[in-house]
Amino acid sequence: MRVKTEYVAGHVRLPAYVRGKSGVVVGESPVYPFPDAHAHGVEAADEPTYDVRFDATELWPNSADRAFVHVGVFQSYLERLE
């Protein structure tokens, strides 16, 4: 999966350092109200979050040690790689 690069005004629960980066989904949570929409008064369906595993060198190519970083990402912020 790849994290979308969309930017919205205000606070969102998507770390900027994963935007546009590719990772592997290794887990899924039950559906939950999408807080980024609800906080801005936007109607949105409940959705799951995915535990996405990123290679640290994908996130920080010039300074990362060999490691994996796991980030919980709401479904709305993900797109399939083709």
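Student: Is A45 buried or exposed?
Tutor: Keep in mind that this is a predicted model. The relative accessible area of A45 comes to 58%. A residue counts as exposed when that figure is over 50%, so A45 is exposed.

Student: Where along the chain does A45 sit?
Tutor: Look between helix 1, which covers 35–38, and strand 3, which covers 49–55. A45 has its place in the loop between those two elements.

Student: How far is A45 from S76 in space?
Tutor: Along the chain, A45 and S76 are 31 residues apart. For the distance in space, go from C-alpha to C-alpha. That separation is 10 Å.

Student: OK, zooming out: what pattern do the helices and strands follow?
Tutor: The protein chain has two helices and five strands to place. Read along the sequence, their order is β-β-α-β-α-β-β.

Student: What share of the residues counts as buried?
Tutor: A residue needs under 20% relative accessible area to be called buried. The protein chain has 82 residues to sort this way. The buried share is 28%.

Student: Which residues have the most contacts inside the largest nonpolar core?
Tutor: Nonpolar side chains tend to be buried together in soluble globular proteins. Here the largest nonpolar core holds 17 residues. Those with the most contacts inside it are L14, V18, F54, V73 and Y77.

Student: And which element gives the most to this core?
Tutor: Strand 3, helix 2 (56–59) and strand 4 (68–74) each provide at least two of its residues. The top contributor gives four residues, and that is strand 4.

Student: What does L14 touch, then?
Tutor: Set aside the neighbours within four places in sequence. What remains in contact with L14 is V3, K4, R19, V73 and Y77.

Student: R19 shows up there! Which side chain of opposite charge is nearest to R19?
Tutor: R19 lies in the loop between strand 1 (2–3) and strand 2 (24–28). R19 is buried, yet it has no salt bridge. A salt bridge would need a side-chain nitrogen within 4 Å of a carboxyl oxygen, but the nearest side chain of opposite charge is 7.2 Å away, and that is D36.

Student: Last one: how far apart are the centres of the positive and negative side chains?
Tutor: The protein chain carries 8 positive side chains and 12 negative ones. Take the centre of each set, and the two lie apart by 5 Å.

Notes. Residues numbered from 1 in each chain as written. Predicted model: local features only at pLDDT ≥ 70, side-chain atom pairs only at ≥ 80, totals over all residues. Heavy atoms only, no water. Buried < 20%, exposed > 50% of the residue type's maximum accessible area, 1.4 Å probe, protein only. Lys, Arg positive; Asp, Glu negative; His and termini not counted. Charge placed at Lys NZ, Arg CZ, Asp CG, Glu CD. Core = buried A, V, L, I, M, F, W, Y, C linked by side-chain atoms within 4.5 Å. Contact = heavy atoms within 4.5 Å.
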